[in-house]
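Student: I am new to this structure. Could you show it to me and take my questions one by one?

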Amino acid sequence: MVDLKESSIVTCLLSQSVDLMAICDLNGDILEVNETLANIAGKSVADFRSTSVRTIFSDSNQMLNNLLYQKIVNSQETESFTSNINNN
């Protein structure tokens, strides 16, 4: 059970973060995303609710995958980003 204090912290993090954020339940269903993620995806926050995170990153959603990838590597060259991933 989430108490009011925890809920306030989560709400603050979601509303203030410039990073892409999503909160999922144990089944991988999205409970909430922040505006940054919604804006990058060209959808509303409500569009993501109750959607499985697996469908967002599926092959059939390649456009969103590419947008998210570009956002992630925006401050790094692709080669550097790939190198960092492969080394971890």
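Below, a student asks and a tutor answers.

Tutor: This is a predicted model: local features need pLDDT of at least 70, side-chain atom pairs count only at pLDDT 80 or more, and totals for chains, interfaces and linings use all residues. Residues are numbered from 1 along each chain as its sequence is written, and side-chain values use heavy atoms, with hydrogens and water left out.

Student: In what order do the elements of the protein chain run from the N terminus?
Tutor: Helices (H or I, at least four residues) and strands (E, at least two) are DSSP runs, numbered from the N terminus. The protein chain has six helices and two strands. Their order is α-β-β-α-α-α-α-α.

Student: What share of the 88 residues in the protein chain is buried?
Tutor: Buried means under 20% relative accessible area, exposed over 50%, and partly exposed in between (1.4 Å probe, protein chains only). By that cut-off, the buried share of the 88 residues is 23%.

Student: Which residue stands opposite Cys24 in E2?
Tutor: Two strands pair if DSSP finds at least two bridges between them. Strand E1 (residues 22–24) and E2 are joined by three bridges, in the antiparallel sense. Five residues lie between the strands of this hairpin, where Gly28 has a positive phi near 85 degrees. Facing Cys24 from E2 is Ile30.

Student: Is Val33 buried or exposed?
Tutor: Val33 belongs to strand E2 (residues 30–33). Contact means heavy atoms within 4.5 Å. Beyond its neighbours within four places in sequence, Val33 touches Leu14, Met21, Ala22, Val45 and Phe48. Its relative accessible area is 3%, so Val33 is buried.

Student: How far apart are the C-alpha atoms of Val33 and Val45?
Tutor: Val45 is one of the contacts of Val33. The two lie 12 residues apart along the chain. Their C-alpha separation is 6.0 Å.

Student: Which residue forms a salt bridge with Glu32?
Tutor: A salt bridge is a side-chain nitrogen of Lys or Arg within 4 Å of a carboxyl oxygen of Asp or Glu. The count by this rule is one. The pair is 17 residues apart and links distant parts of the chain: strand E2 and the loop between helix H3 (45–48) and helix H4 (53–56). With the closest N and O atoms 2.8 Å apart, the partner of Glu32 is Arg49.

Student: Why does Arg49 count as partly exposed?
Tutor: Its partner Glu32 is partly exposed, because its relative accessible area is 23%. Arg49 falls in that class because its relative accessibility is 40%.
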